[in-house]
Amino acid sequence: MKKAFLVVLMLLSGFVYSQDSISGSVTDGNNNPIPGASVVVDGTNRGVVTDFDGNYSINASTGEQLTFSSLGFSSQTVTIGNQTQINISLAEAVDLLDEVVVSGYQTQQRRTLSGAIGTVDTEEAFKTPATNAAEALQGRVAGVQVVSGGGPGYAPVVRIRGYSTTNDNSPLWVIDGVQTTDANIMRDINPKDIEQISVLKDGAAAIYGARASNGVIVVTTKRGQYNQENTMEVDAWVGIANVTRTPDMLNAQEHADMTWQSILNDGNVPSHPQYGSGPSPVVPDLLNVPIPSGAEYEGASARVMNGGMGTDWFDELFDPATQKNLSITASGGSSQGRYHMSLRYVDAPGTMVYTGFESVSTRLNSEFKIGDKITVGQNLTATFDKENYSSANGAVQSAAFSSPLVPVRDTNGNFAGTYANSARTGIANNPIADLARGSDNYNKNTKIIGDVYLKYEITPKLRFTSNAGVSMRDLDGRYFTKLNPEHGEAISVNDLAENTFTINEWKVSNTLNFRDSFGEHTLDLLIGTEAVKNNYKGFGIKRNDYLFEDPGFYQLGNGAGTPVVTSSGESSWSLFSLFATANWSYGGKYFATATVRQDDTSRFAKATSDAVFPSGSVGWLMSAEDWFDSSIFDTLKVRASYGEMGNQNIGGSNLDVNISYISEGLSWYNFSGGGAATSGAYVASKGNTNLTWETTTSTNFALDMGFMDNKLQATIDLFKNETTGLVAQDTKKISTTAIDAGAPYTNLGSMESTGFDMSLNYSDSTSSGMNYSIGAEITKASNEVTELISDFYAGGGTRIGAITRTSVGEPISYFYGRNVIGIFESAADIASHAQQDGAGIGRFKYEDVNGDGVINDGDRTKIGSPHPDLLYSINFNMSKGPWDMSMFWNGSVGNDIADYTALYYESPYFFNGNRSTVVLDSWTPTNTNTDLPALSETTLNNEFTSMNSFFVRDGSYLRLRTLQIGYTLDESLAAKIGAKSARVYYNGTNLLTLTDFRGLDPEVPRSGALDIGVYSSQYPTQSMSSLGINIKF
Amino acid sequence: MKKFLTILLSVSLLVSCADDFTEIDPVGALSDASLQNATGVDLLLTGAYSVLDGVRNGYGADWHISGDNWWMDVIADDAHKGSTDGDQPDLLALEVFNWETTNPYVDGKWLALFAGVNRANGVLDLINKSDNPSEFSTQAAQARFLRGHFNFEIQVMWVNVPYISEQNFADNEFNQPNSGPIWSQIEADFTAAMNDLPASRGGSYSEPGRPIKSTAQAYLGKAQLYQGKWASASSNLDAVINSGQYSLNSDYFANFRSDGENGSEHIFAIQFAADAGQSFQGNRGGTLNWPIGPMTGGMCCGFYQPTQDLANAFQTGADGLPLLDTWMNNDIANDAGINTSEAFTPHTGPLDPRIDYTVGRRGIDFNGYGAFTGKENIRASFTDVSGPYANKKSMYTAGDDGNRGTGGWGEQRSGINFHIIRYADVILMAAEAAVETGNLEKGRSYVNQVRTRAMNSPRADSSPNYVIDTYNSAWTDAATARKAVRHERRIELGMEGKRLFDIRRWGQTVSTLNAFIANEGRTIPSFQARAFTVQSKHSALPIPLNAIDQSDGALSQNPGY
């Protein structure tokens, strides 16, 4: 491979010669060079293409005509006079096919593309305020699913064309050449710095070989233009965020009635420390609870608030939050250099009280020419951020079953709580107290991503590029657990946990690029090498017993307990690659691309550590043929691609060997029952030397179409991804009768994912001067497991056991359990049904799936799928005069959600806690048309203790994701503040959600492939109304 | 320019020249190679001991997996779960015999015990692969002893169980059928351990936490007793008694205090130790099992409460002997339904003094903290299934707080050891074997040894009417003798995690437990109301559904589930 590289290099060098006569440059309307533009002497076969800087030189004489043309531009013809230099500026032609797309290590015009590469209309997408730039992908690219992460700063879950592995399905992000699978990466990037986002959906991604199988998202940041005057842009918005939706919970009186009815239904005599023991429950004014000792509790009592209605914990949990974002960017360029810099400040307190996210980031990109041949440049972004939401998920869970009787604070102003279990006020923590006490906890991240590159133009057609990049993340986490004397299970000693880790990664890539044209052939060749190394090191220390619960005192040295190392770890991985790609086009009609990449990774044992990933694609722009009848289609292009890609993101390093750990908590023993313990070890994970690559084979067939003078444009891609050698932990090898080690990773099967993604866009303007466009993106991706070495794999354990199962012939991670087919109405109903433990009137009736007359574990079956039938989005933009408006909807159809939270607020699992008001619709002899069984004090009816279809809900939704109205100030007005332009806008995010899902949020961001669609307590999505201003100087 | 190009090319190819660039060894972890020596064997062996307390790598809440088997008393007639019914509903389901195959307690316990079996297998496998396995015979014997223990627990809990050998371990073949009992393998392990363990502690083998020859012999005898192999059980247990290595502590309760740890009665115990940090070596499985309330200073979480039935078992006649046929018919005075602020008079009838080492009851000294004040220390409300009593044996004595560990919330991690086998247990097993082999008088003499110690121990409180004596008439009727021995086990070993397995091996699961539910209903009506009828299927725990699902068809469910 290395030799081949040198040979190719020499061959390419051989092509290089030129003869000077006429020279010059070809640029676009913004003075940007147009590389690859063709310059032809009319009536001859003499022709050249411009180099990377748009320069050309050609042998031609006076009187001859030169025609300059480039895809995407109107061609221009010039007759040669006596000049030796002709500089040409070409006007852009407006056409879908003229877009320049970053396809990996190169750029291509969409016209010549034969792979499936989607791009984000960044200008449109980033009009919408977003703290995480990845949110902008939502609904913007067909085939890409983005699920909101919930709280501010949370990374959304991004999936390209659904699921193709039991492993990590996260796409690879490439930020100016620096690669990462860290989904958080996009919150470090100022949306205003982003020039382009391309999504490599099919075999086109194979240029990234071992990391490409989940698709690749290439983000290019801005770097200014040559010969551009210095400009500055200020973008600021401030918004009021609120929680999208919360469930209605029982008030105190409803809770009392529910409690009474439950006790009565169980055949017991109602009696309750708070509600008394009379014939009907009485909501007390003051709680009957033991108040903790201590001066601050002197004379305190806990009062049931809101005139006896009690506390609405979800209402207490969420408050409108004012979020702010300021971005200042500046860019410019001379003939020798160009730059772009930015500063961004995000202050995003969460809709949940005491939570939030704050970040400051800076960017500097620059590029300089050194002589004629050399260009050097750099990209650098540094981010400092602070997250505070470590208690958020727990608080949502607590709010879902906190008793409405408990006030937020007692009459002395201390936090109120459950006080004592015998008070039967539940066992949930006071979520507001948890959040308030955790408000000084944080994770602080310092991140640096940057690279330096050098481009050397060996000849006008041959260019060498070397790029060295680093990314670094340093985490400083502090978590102080305060005492909570009001709780029934009060913390007995406070403690401080400090966690820190550093991840650093460097990469070096070198490429050689050759472009030329011969007659109507255009060739663009690239070969390269790349090396990546990633290092992780971290540890955590915990120490308890602090005298003061004050942040100024939160230092490990101030604790009185014995410090404990809670975690420590160090790991590295590396990847070395050789790659080559060739793009060919003929006559602007026929296109082909071939790519091959060889990767060698440290993640596998030496014998299996390298693999070759080839891909190829062809395209035919039929509408460019002379014979093409354009009466229907203005544009018609067919494309097909094939590619093989790997996934080295397989759950850890060193998976080939057994690894043992020495752990004080898990393997030490005190042989004398006192004094110092003896250290011991345990086998923590089993290795598999035979583990090898998981490979995804992607095929894609597509049509790009333009109708009605290209006002209506459509693209449809049909795809099939087949993944073989799925890598996952083999729980059959390390089953429950095994050692307590992590199971070995094994190549355990195959799956395929098929579907289509489609985008439609219509834009036009009316005679009255209104411009408008309507777009839609539709994605369907269905997957099926086609082969497994075991019968099935179960998802992770919960209080109701495993929720999902993965088996051959079914999609990955479907819901599996007993099927509730109704509620028993009568003794006769029970008698005529299969024998069922816990059967009773008003109780669930399970389907006797295997027909053996007994309901047991053999009657579990598929009861739902988390995979949507269709994802769609609709986009509407219009502008007239100074006004512009855009509206963006997206939705999901046909997916199920397993609402695990229902265990907390729709079942008596925690009997003294609260329920959602849906339990008011519980079964009674007169209310039989319901999915909720009769109220009960316990879960002893085998209803809520194992997975069944009660937990499975329709997860379809439609959301008004954005509504934006903007007004651009009159230029003369803008000039008064020294600006070139100014625009003010209103933006609404998530203003409306239509769904039947009765949980908190139909958007379920789960990153694990075996628990897709499982809803457990999480930070719900926020809605926001904001006002913003954008000023350009 | 050509030079420049050459330099660039050299740089570009530089990284590829390092052939080992993509070979990275793990950092900070032990590979198999680094364990192939004496240090490695000792490390893994210690790791195998470490899981005696149930705390393993991965899933299983501490209280599900506890090595002290506290919740096995909850599904027998010794204990109620404690706290309110809604707290740990999975344990409520177990307590009232609504046994689902997904219960996380059952799953967690299964995982913990197989972790133990296989950590022991890992030691044996490592020794087998060493250059000179005989060099490690003591370590191998300890590993086999531990494996015997874990397998014994698996056997008595699930009955139809798989056996995982060190060869299965080496081959990663963990899916073995659960076709039946594995007693022969258990006996083989204890026999092998007996042969290769030192006869006594001393020198480099002095730590009380490690078994010696007689420890293995006692466990072998126990395993034989559980199978009804009375003669061999008798011979092995007698041998332990006659070894002269053990004697009963003169103070019964010293067995349950840190100052009495590893005393003359210690045979094999989980060695617990608490410290001022996280108390990793404390009893994490018992973290919920502390009385709440002001008496003991705000502990958590009120679990593991003795039953009325257990308290009743301590009733004696005027002759100081248990009421073998009638104890269950009358309830000793109790404060069920009575608040701390309300008056209460403790039971005035004659009682075995061991009641007040075992059952914390209103008005009687509670481990030195003063007279137990009843309800305010009990988390369960009057309508919950758990009654008015508190556990004493796993609770500290006042002044022993130095042995109190700290956990995350109000729970504690105790440093008090838990007896897997103590000498009194051996004597009573020997008594049982004697009775079953027709040596009734030998049985009587053994039982009397235990009763004599109880008679002579310091009293827990001065006020109750303690009346206790030895069996002074010859035992002539085997059925009566059997009844006496079995009853003695209950009151000597109450709240020590043994009762369930005694009932099971005596074939009394259905009869004893259904009678218990009915009798208990007199004091705790809600318990009787909630309880399901005990059936023969309850003689074995269900095989966890999680285990069956992951076994690729190797495991089948126990009958009735």
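This text goes through the contact between chain A and chain B, and then one helix of chain A. The structure is a predicted model.

Start where the two chains meet. Chain A brings 99 residues to the contact, and chain B brings 102 residues. Together they bury an area of about 8700 Å², and carbon and sulfur atoms account for 57% of that area. On the side of chain A, three residues can be picked out: A:Tyr669, A:Phe671 and A:Thr736 provide 10% of the area that chain A buries against chain B, more than any other three residues.

Charged and polar groups also meet across this interface. There are 8 salt bridges between chain A and chain B. One of them can be located through A:Glu937, which pairs with B:Arg530; the closest N and O atoms of this pair are 2.9 Å apart. In addition, 34 residue pairs are in polar contact across the interface, counting pairs with both residues at pLDDT 80 or more. On the side of chain A that touches chain B, strand E26 (residues 564-586) gives the most, with 7 residues. The residues of that side divide into 40 nonpolar, 38 polar and 21 charged.

Now turn to helix H5 of chain A, which covers residues 392-401. This helix is mostly covered, with 7 of its 10 residues buried. The buried residues are A:Ala392, A:Ala395, A:Val396, A:Ser398, A:Ala399, A:Ala400 and A:Phe401. What do the buried residues of H5(A) pack against? Their partners are three helices of chain A: H4 (313-317), H6 (431-437) and H9 (902-905).

Key. Residues are numbered from 1 along each chain as its sequence is written. Chains are lettered from A and ligands numbered from 1 in the order in which they are written. This is a predicted model: local features need pLDDT of at least 70, side-chain atom pairs count only at pLDDT 80 or more; totals for chains, interfaces and linings use all residues. Side-chain values use heavy atoms; hydrogens and water are left out. Contact means heavy atoms within 4.5 Å. Buried area is the accessible area (1.4 Å probe) that two parts lose on being put together, summed over both. A salt bridge is a side-chain nitrogen of Lys or Arg within 4 Å of a carboxyl oxygen of Asp or Glu. A polar contact is a pair of N or O atoms within 3.5 Å; within protein, one must be able to donate a hydrogen and the other to accept it, and residues adjacent in sequence count only if both atoms are side-chain atoms. Helices (H or I, at least four residues) and strands (E, at least two) are DSSP runs, numbered from the N terminus. Ala, Val, Leu, Ile, Met, Phe, Trp, Tyr, Cys and Pro count as nonpolar, Asp, Glu, Lys and Arg as charged, and the others, Gly among them, as polar. Buried means under 20% relative accessible area, exposed over 50%, partly exposed in between (1.4 Å probe, protein chains only).
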